[in-house]
Amino acid sequence: MSHSKEKDNLLTIRGLRIEGKSGDHWNEIVHGVDLDLKRGEVLGLIGESGAGKSTIGLAAMGFTRDGCRISGGAIDFDGIDLVHATQKVRRGLRGHRIAYVAQSAAASFNPAHRLIDQYCESPIVHGVMSREQAETDAIDLYRRLHLPNPEEIGFRYPHQVSGGQLQRAMTAMAMASKPDLIIFDEPTTALDVTTQIEVLSAIRDVVRDFHTAAIYITHDLAVVAQMADRVKVLLKGEEVEEADTRSMLDDPKEDYTKSLWAVRSFHAEAKADISTQSTPVVSVSHVSAAYGKVPVLHDVSFDIHKGRTVAVVGESGSGKSTTARVITGLLAASDGEVRFNGHVMPTSYKQRSKDQLRQAQMIYQMADTALNPKQTIGEIIGRPVQFYLGLRGKARLERVRALLDEIELEPDLYINRLPSELSGGQKQRIGIARALAAEPEFIICDEVTSALDQLVAEGILKLLNKVQKDFGLAYMFITHDLATVRAIADEVVVMQHGKVVEAGPKDAMFTPPHHAYTDLLLSSIPEMDPDWLDKLLKQRGEA
Amino acid sequence: MKLLKTAPVSAWFGMIVILFYVVLMLFAPILAPFGETEIVAYEFEPWSETYLLGTDNLGRDMLSRLIYAARNTMGVALITTFLAFTVGGFMGLLAATLGGWVDQIFSRSIDVLMAIPSLIFALLLLTIFGTSLGNLIVVIALLDATRVYRLTRAVAMTIVVMDYVEAARLRGEGLLWQIRKEILPNIMAPLVAEFGLRFCFVFLMISALSFLGLGIQPPTADWGSMVRDNASLITFGDITPLLPAGAIALLTVAVNFVVDWMLHQSSGLKE
Amino acid sequence: MSQFARAEKAEASVRKGGRDMHPLAKMVLQRLGLGLVTLFVVSIIIFSAVELLPGDIAQQILGQAATPETVAAFRAELGLDRPPVERYFDWLAGAMIGDFGQSLANQREISSLIGGRFANTLFLAGYAAMIAIPLSVILGLLAALYRNSFFDRFINMVTLSSISFPEFFVAYILIVFLAVRGQVFPAISSLNEDMSLLDMLYRAFLPALTLTLVVTAHMMRMTRAAIINLLASPYIEMARLKGMSQARVIVKHALPNALAPIINVIALNLAYLVTGVVLVEVVFVYPGLGQLLVDSVANRDITVVQASCLIFAGVYILLNLLADILSIATNPRLMHRK
């Protein structure tokens with residue numbers, strides 16, 4: 001980056017260092033990052049968890065969270081030195097010339113005030129405009145952001161508005177004082193894909209219309225491709241590389257970036273067709289279920305065959321996890337039945353035999369809560385070995401070691417460790433080993449990769465694929481990520497509002513014609529093409 | 001052990017004081033110059049070389065009774081707290097693990113029992129059953145068990161919803177195994193801290209009842225009743241009756257300091 | 001359970017909620033109903049406690065020397081020959097209009113024994129509350145705002161210590177310094193009906209101060225915890241990132257949400273005050289309900305114990321109920337219907 005351009009810059013950061021307090025000493029978490037942003041430009045900050053994206057984003061407002069401090073470097077915003085400016089000067093900029101959009105709008109709106117009051121607060125306090133002017137502006141912005149009932153929605157309280165709408169209302173609030181710069185901190189991460197589209201396009205239009213500069217923080221490459229003019233890749237508080245979006249996508253220079261880009265390239269090899277005679281390992285037929293009196297599943301049916309993976313996809317609230325609970329017997333079906341190898345299962349796990357329980361195992365989304373923090377890896381994996389197979393002492397130990405080998409963790413190193421001494425990916429591997437220890441025929445994988453960074457997630461998918469081949473396992477793969485579906489599924493079941501909308505082999509599912517909802521879901525998944533959002537919106541506009 | 005080095009002054013102070021009390025408790029007969037109920041002189045002798053802290057309203061040595069009272073008051077409080085934890089803790093764990101109607105029945109009954117202020121309830125029960133030592137321990141332990149139940153249930157609930165407990169259930173593990181291996185090890189830290197707090201509470205309650213003449217009965221030496229027996233001295237400006245009260249205060253302060261530090265530690269480590 | 005299953009479940013439970021009545025009114029009514037039920041059950045417990053009394057109550061009161069005829073006559077006088085359920089409802093009906101029957105010890109009407117004393121107890125508790133509430137809320141706020149400062153640590157140590165003090169220790173220390181050595185306030189707080197309010201305030205000062213010291217520590221610590229919890233919310237960070245001043249963040253953004261937890265803390269501590277009063281009354285020979293209760297327990301005057309316990313429990317339940325309802329009513333998420 002040539003420094004001669006600096007005078008055109010709105011924001012210039014040089015050698016930024018930030019320290020975080022852990023216990024009694026300070027650790028550096030951002031190690032000398034440079035950043036340049038011109039007026040009206042959108043810079044994408046991308047990286048995995050712990051890359052320091054949010055910390056840098058907040059520092060651009062001259063703000064650090066409790067327990068963090070800027071330890072070196074310079075931040076210049078339009079000629080103002082944010083590192084050394086007084087609290088008062090910094091406060092005068094925030095919400096006025098620099099605004100912030102948080103990840104969770106539901107938590108970041110004050111529950112005690114109406115949306116429009118929170119909108120008007122910044123412009124009035126900073127003396128930008130009158131209350132009347134601010135309210136008129138708010139309604140205009142709500143309309144531009146495609147919020148329903150723009151005249152009326154501002155007079156609601158945050159808990160009376162849906163998540164996607166709140167995120168747009170928060171964007172409107174950030175625009176209130178017509179700032180020069182907005183920091184977007186993962187604004188769509190908490191949203192479903194179909195909602196994400198609306199928010200992304202709304203944000204992009206407003207930012208373009210008002211010629212506002214923005215820093216867009218995300219971990220999702222496809223999202224950043226739609227939003228940013230330039231992309232900066234971060235790793236553990238350091239810059240990896242920076243380039244304009246198109247060249248970054250087409251031709252990444254650094255190995256780390258290339259590996260990020262390559263994650264989505266993993267594909268399990270296609271399998272032979274199911275022989276029509278074989279009995280499915282798991283068969284869900286006409287299952288309905290309810291929480292209390294509220295029905296959540298209606299007439300759900302699908303089969304899973306030996307050695308194959310069925311991906312169950314849908315947005316939150318679609319009933320995919322509930323289906324898993326019915327299969328495992330945690331929730332009793334009110335109607336229909338679940339069969340393992342042709343045998344009808346008792347509806348509650350409490351009535352199932354040890355051998356029936358052994359047949360179906362589960363791998364959880366959050367490896368943190370799936371492993372008992374007070375048990376060693378040896379105990380965690382050893383318990384099912386002993387419980388189901390009756391192995392004790394040396395035999396049990398050998399089996400545990402073999403399982404650790406299977407999940408590619410060195411037994412001597414890990415067998416006596418506690419879960420807290422493992423990384424996220426390693427914990428997920430232990431979860432896989434615990435499931436394998438029961439020697440099951442069928443495993444439910446509940447969003448097993450969604451809490452992991454992309455590289456780690458790919459490793460887990462590869463491992464699951466290898467294990468499936470080794471033991472001929474049947475998988476039910478619950479996910480909301482279609483990239484994962486593409487990578488690993490043989491059959492796909494699409495769910496919405498507790499019903500199966502469409503089901504069939506993967507290839508058929510990804511080739512039109514689709515059911516309308518499948519189409520909406522599939523087309524909403526951001527792609528790595530910078531023109532994807534434009535094309536999609538145009539398509540939908542025509543339809 | 002590393003933790004000990006980082007302990008603040010207040011926690012150190014607390015630990016040393018507790019140690020001191022434990023020594024008093026264990027070696028009371030050796031440390032006390034006179035017997036617990038031995039009448040050695042006239043009533044209300046002033047402080048002297050023989051009777052370091054003077055004598056009480058019956059002419060017994062004040063210092064000796066203070067030392068013996070450590071054994072009696074703390075012993076009763078400890079037994080009571082253990083009993084309360086055994087009953088309340090076990091019920092709380094059952095309610096959290098089983099859920100459903102067991103939880104409903106336990107929780108609703110405990111709600112009603114907790115709706116009566118505990119000192120008042122204790123007074124009512126002691127009126128009816130009489131103020132023997134056994135009754136005192138059982139009544140206070142049961143009243144305190146309600147509080148232990150609430151806490152145990154609440155912390156166990158946060159563990160029961162964890163996926164690893166669900167995994168154990170789906171594996172087919174029995175109830176006791178779930179409690180012993182999956183839940184209990186994960187709630188030990190808050191339970192130990194709560195033990196300290198409940199001990200203080202029980203200890204203060206027993207002292208209060210003794211002070212009212214309804215707790216530990218004479219001639220057993222006990223800090224609460226020692227304050228009551230010698231209170232008339234206070235009107236003469238003599239602070240001797242404040243010593244047993246101070247002994248109570250010092251111990252509860254010490255325990256609270258240690259518990260405060262422990263709670264701080266366990267919450268700090270989570271962040 | 002995965003997060004998604006939880007979301008599904010939460011959504012289901014939201015949908016389950018009634019749509020006909022304002023949720024707030026519904027919740028308040030539910031709590032009120034629950035409070036009444038609790039009070040009813042508690043009255044049964046207090047009444048039936050006497051039934052559990054080992055041996056015959058009439059025999060116990062009259063002593064072993066009494067002839068069977070006198071015992072039978074006394075039993076009839078107490079109404080003990082009637083079935084317990086009938087006696088319970090008689091007792092409850094009487095209690096509702098303030099008639100608790102007669103004292104076993106001196107045959108006086110319990111209502112006349114209790115009346116003035118209950119008022120005195122409320123006066124003392126109210127007196128302490130007037131000092132303790134503003135003091136502890138302000139100190140709690142300050143400690144939360146300047147947390148980890150020297151002030152905060154100092155306050156933390158002091159409150160932690162005073163929580164640990166038995167009430168009678170605090171009371172006697174005050175007596176030694178302010179009544180015996182200082183001779184500023186009276187050590188014995190005898191009240192009578194002819195006293196002026198000022199005189200009453202003066203005489204009840206030491207017991208009120210004792211209660212204040214004990215309760216303030218609790219209330220302050222709870223207020224501090226509630227505020228710190230609140231200041232960690234994302235919407236407070238958002239207010240800071242909108243460039244709001246510290247004062248505005250506190251007043252506009254934190255306080256409206258802090259109301260519920262603070263009110264809750266206050267009501268809970270008032271409930272505690274009402275019972276903590278027992279010990280303090282004994283120390284200062286204050287003519288309140290607590291003293292009467294303790295004396296009656298010593299005399300095993302069961303009917304008076306029952307009546308006093310019912311009143312204490314009633315006030316306690318009422319205040320807890322009030323805490324519950326107020327914290328629902330001040331919760332912004334519940335105030336505005338979805």
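Arg221(C) and Asp260(B) meet through their side chains in a salt bridge, at 3.7 Å from N to O; the term covers a side-chain nitrogen of Lys or Arg within 4 Å of a carboxyl oxygen of Asp or Glu. Let's start the exercises from that pair.

A word on ground rules: this is a predicted model, where local features need pLDDT of at least 70 and side-chain atom pairs count only at pLDDT 80 or more, while totals for chains, interfaces and linings use all residues. Residues are numbered from 1 along each chain as its sequence is written, chains are lettered from A and ligands numbered from 1 in the order in which they are written, and side-chain values use heavy atoms, with hydrogens and water left out.

**Exercise 1. Describe the interface between chain C and chain B.**

Step 1: count the residues. On the chain C side there are 45 residues in contact with 44 of chain B, contact being heavy atoms within 4.5 Å.

Step 2: get the area. The two chains bury about 3,800 Å² between them, and carbon and sulfur atoms carry 80% of it. Buried area here is the accessible area (1.4 Å probe) that two parts lose on being put together, summed over both.

Step 3: find the big contributors. Ser164(C), Phe168(C) and Tyr172(C) give 15% of what chain C buries against chain B, more than any other three residues.

Step 4: check the charges. Between chain C and chain B the count is 1 salt bridge, and Arg221(C) with Asp260(B) makes such a pair.

**Exercise 2. Do the same for chain A and chain B.**

Step 1: here 20 residues of chain A touch 15 residues of chain B.

Step 2: the buried area comes to about 1,600 Å², with 55% from carbon and sulfur atoms. On the chain A side, Tyr364(A), Thr369(A) and Arg383(A) lose the most area to chain B, together 31% of what that side buries.

Step 3: the count between these chains is 2 salt bridges. Arg325(A) pairs with Glu166(B) in a salt bridge, the closest N and O atoms being 3.6 Å apart.

**Exercise 3. Which parts of chain A does the Arg69(A)–Glu19(A) pair tie together?**

Step 1: the whole structure has 53 salt bridges over all chains. In one of them, the side chains of Arg69(A) and Glu19(A) come to 2.7 Å, N to O.

Step 2: Arg69(A) sits in strand β4 (residues 68–77) and Glu19(A) in strand β1 (residues 9–22), so the pair links parts that are 50 residues apart in sequence. Strands (E, at least two residues) and helices (H or I, at least four) are DSSP runs, numbered from the N terminus.

**Exercise 4. Sort out how α6(B) packs on α7(B).**

Step 1: chain B has 11 helices and 0 strands, and its C-alpha trace spans about 75 × 50 × 30 Å along its principal axes.

Step 2: the axes of α6(B) (residues 118–129) and α7(B) (residues 133–160) come within 10 Å and cross at roughly 150°. That makes α6(B) roughly antiparallel to α7(B). Axes are lines fitted to C-alpha atoms, for helices over the stretch in contact, and angles run from 0 to 180 degrees between N-to-C directions; under 35 degrees is roughly parallel, over 145 roughly antiparallel, 65 to 115 roughly perpendicular and the rest oblique.

Step 3: the contact residues include Phe121(B), Leu125(B) and Phe129(B) of α6(B), and Leu136(B), Val139(B) and Arg147(B) of α7(B).

**Exercise 5. Compare with two more helix pairs, α6(C)–α7(C) and α15(A)–α18(A).**

Step 1: α6(C) (residues 110–145) and α7(C) (residues 150–164) have axes that come within 8 Å and cross at roughly 130°. These two helices are therefore oblique to each other. Their contact is made by Leu139(C), Leu142(C) and Ala143(C) on α6(C) and Phe151(C), Asp152(C) and Ile155(C) on α7(C).

Step 2: the axes of α15(A) (residues 377–389) and α18(A) (residues 424–437) come within 8 Å and cross at roughly 15°. That makes α15(A) roughly parallel to α18(A). Among the contact residues are Ile377(A), Ile381(A) and Arg434(A).

**Exercise 6. Locate the backbone oddities at Pro219(B) and Asn341(A).**

Step 1: most residues other than glycine have a negative phi, and most peptide bonds are trans.

Step 2: Pro218(B) and Pro219(B) are joined by a cis peptide bond, omega about 10°. Pro219(B) lies in the loop between α9 (175–211) and α10 (223–230) of chain B.

Step 3: Asn341(A), not a glycine, has a positive phi of about 50°. Asn341(A) lies in the loop between β14 (335–340) and β15 (343–344) of chain A.
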